[in-house]
Amino acid sequence: MAKSTASFVCQSCGAAYNRWQGKCDACGEWNTLAEEDSATSVPVSIRSRRKGRTFALESLSGKSQDAPRLASGMTELDRVTGGGFVRGSVLLVGGDPGIGKSTLLTQATSMLARAGHRVVYISGEEAVAQVRLRAERLGLSNAPVQLAAETSVEDIIATLSDGTVPRLIVIDSIQTMWTDTVESAPGTVTQVRASAQALIRFAKKSGAAIILVGHVTKDGQIAGPRVVEHMVDAVLSFEGEGSQQFRILRAVKNRFGPTDEIGVFEMTGLGLREVTNPSELFLSERDLGTPGTAVFAGIEGTRPVLVELQALVAPTSLGTPRRAVVGWDPSRLSMVLAVLEAHCGVKLSGHDVYLNVAGGLRIQEPAADLAAAAALVSSLVNAPLPTDAVYFGEVSLSGAVRPVAQTAARLKEAAKLGFGRAILPESARGEVGSDAGLALNAVGGLTTLVAEIAARGSRRPGQEGTAGEKNATPARFRRQEG
Ligand code: TYD
Ligand code: MG
């Protein structure tokens, strides 16, 4: 390979260039290139051609003294990690500043320390006094967590190598760490990568589990250490709306567990509270009887989660109508809109469309198609959907409603929360039989659903007789139908 003279490194993805340029060709980000000293960015140990030493080769069946997993005791956290922290593994926890990463990890480390494990918390951002203040607020001051405010990776590793190997080490945050082996400034990609590498090596060698905290940029990428994402065993992302109290912990990557589980927390004055029944939380602030809202019976990982979808369909004043979606895949929304137009005669090209998933949840299932369609049509014709109904089903391009997995679990959760009926795919009805606990309203095609909602719109004189603007929409819609 040709000798590299690159000295401008993209701070987002780590690609290197020998000239400055505005845009990184590798990841497409603008203004992320920063000058770094490439000649010294290769660790000294690699540059000096030292003679290799021999090491012992091991068998696959070797046994480790301790349980390979360390459960934190926080059910929601353990659910996302897949049952606890794996020995010798490194986990990256990303999230916006102020979302509660330090709070979550202070709580988790305290529980483990109280259970008798050696747990170390290294803060590179806050002074010891600040960390103590938080622990005091959380009522955890007496937990025997070992605490330090340090940023030198070499010093940290030397300290941790002393005495019994800690079961868990928290590094808060990886962006503040620096190592002697490279000369770039702390926080640069080269530093973050080298520091993470050193810590990962220590974890593998010692068997301690390490949690690295990473900051997230505006667009949700773990800043700088996107390169770190490839190096660690698991990446968890801690999300939430600043204005709301819900926090969702989600596995983005997990070598030792599932990636579709979520952990739900609520930020209170006394730290994070685990929410074992998220549906209750997501439905707690429902606007009953408002047009444009539908309850989706979803599945997150192994757990059913009911959540409200909110749609607003309003006449546009723009040449190209707006389509905005929060918490769902925009291309899925475009598809549902296209199917509504093509097969159900619902004309939406003159309308702005907004879709929002309540509570800051992000839905990835196609099963939300039917609920989204119901909410959209309900908003368009200004007819509220029945308040005791849940919706789920995938919509195909032909307008058929297709079955989805785990029908029974979805229905059980809905019945438990007091819902009276489910609008679901035709073929799913046979799957559960008659003892579902709630009325089943099967729809074979989206056209049926649209007709039912439109009929409700026309039958409700109270709804229709309001403002002239509201009146206009159902009328126009009925013309389309006819
Ligand atoms: P923090 O854990 O410091 O966030 P991060 O490490 O992700 O930057 O959390 C900071 C926010 O959480 C701050 O706005 C205050 C709030 N908070 C509470 O509401 N209750 C609490 O008990 C604690 C400790 C923090
Ligand atoms: Mg913090």
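## Notebook: a walk through the predicted model

I began at the strand pair near the start of the chain: strand 1 (residues 8–10) and strand 2 run antiparallel to each other, joined over 2 bridges. Strands and helices here are DSSP runs, numbered from the N terminus, where a helix is H or I with at least four residues and a strand is E with at least two. Two strands pair if DSSP finds at least two bridges between them.

A note on the ground rules: this is a predicted model, in which local features need pLDDT of at least 70 and side-chain atom pairs count only at pLDDT 80 or more, while totals for chains, interfaces and linings use all residues. Residues are numbered from 1 along each chain as its sequence is written, chains are lettered from A and ligands numbered from 1 in the order in which they are written, and side-chain values use heavy atoms, with hydrogens and water left out.

**Entry 1, the small sheet.** I looked up the partner of Val 9 and found Ala 16 of strand 2 opposite. The sheet is open, has 3 strands in the order 2-1-3, and pairs in the antiparallel sense. Its edges are strand 2 (16–17) and strand 3 (33–35), each pairing on one side only. In the loop between strand 2 and strand 3 I stopped at Asn 31, whose phi is near 60°, a positive value in a residue other than glycine. Asn 31 counts as exposed because its relative accessibility is 64%; the cut-offs are under 20% relative accessible area for buried, over 50% for exposed and partly exposed in between (1.4 Å probe, protein chains only).

**Entry 2, another positive phi.** Gln 406 also caught my eye, with a positive phi of about 60° although it is not a glycine. I placed Gln 406 in the loop between strand 21 (401–402) and helix 11 (407–416). Its relative accessible area is 39%, so Gln 406 is partly exposed. As a reminder to myself, most residues other than glycine have a negative phi, and most peptide bonds are trans.

**Entry 3, a cis bond.** Which peptide bond is cis, with omega near 5°? I found that bond running from Asp 172 to Ser 173. Ser 173 sits in the loop between strand 9 and helix 6, and Thr 176 is found in the loop between strand 9 (168–172) and helix 6. The Thr 176 side chain reaches the backbone oxygen of Ser 173 at 2.6 Å. That is a polar contact: a pair of N or O atoms within 3.5 Å, where within protein one must be able to donate a hydrogen and the other to accept it, and residues adjacent in sequence count only if both atoms are side-chain atoms. Setting aside neighbours within four places in sequence, Thr 176 is in contact (heavy atoms within 4.5 Å) with Gly 124, Glu 125 and Thr 151.

**Entry 4, strand 6.** Is strand 6 (residues 90–95) mostly covered or mostly open? Mostly covered, I noted: 6 of its 6 residues are buried. Val 90, Leu 92 and Gly 94 point one way, while Leu 91, Val 93 and Gly 95 point the other. Strand 6 runs parallel to strand 10 (residues 209–215), with 6 bridges between them, and Leu 92 stands opposite Leu 212 there. Strand 6 is also parallel to strand 11 (residues 234–239), through 5 bridges; in that strand, Ala 234 is the bridge partner of Leu 91.

**Entry 5, ligand 1.** I counted 16 residues around ligand 1, the closest being Gly 98, Ser 102, Thr 103, Thr 268 and Gly 271; a residue is near if one of its heavy atoms lies within 4 Å. From oxygen atoms of the ligand, a polar side-chain atom of Thr 103 lies 2.6 Å away and a backbone N or O atom of Gly 271 lies 2.7 Å away. For Ile 99, a backbone N or O atom is 3.4 Å from a ligand oxygen.

**Entry 6, the cores.** Which members of the largest nonpolar core touch the most others? Of its 72 residues, I found these to be Trp 328, Leu 340 and Leu 376. Helix 10 (residues 369–380) gives the largest share, 9 residues. Such a core is a set of buried Ala, Val, Leu, Ile, Met, Phe, Trp, Tyr and Cys residues joined through side-chain atoms within 4.5 Å. Beyond its neighbours within four places in sequence, Leu 376 has contacts that include Ala 311, Leu 340 and Leu 355.
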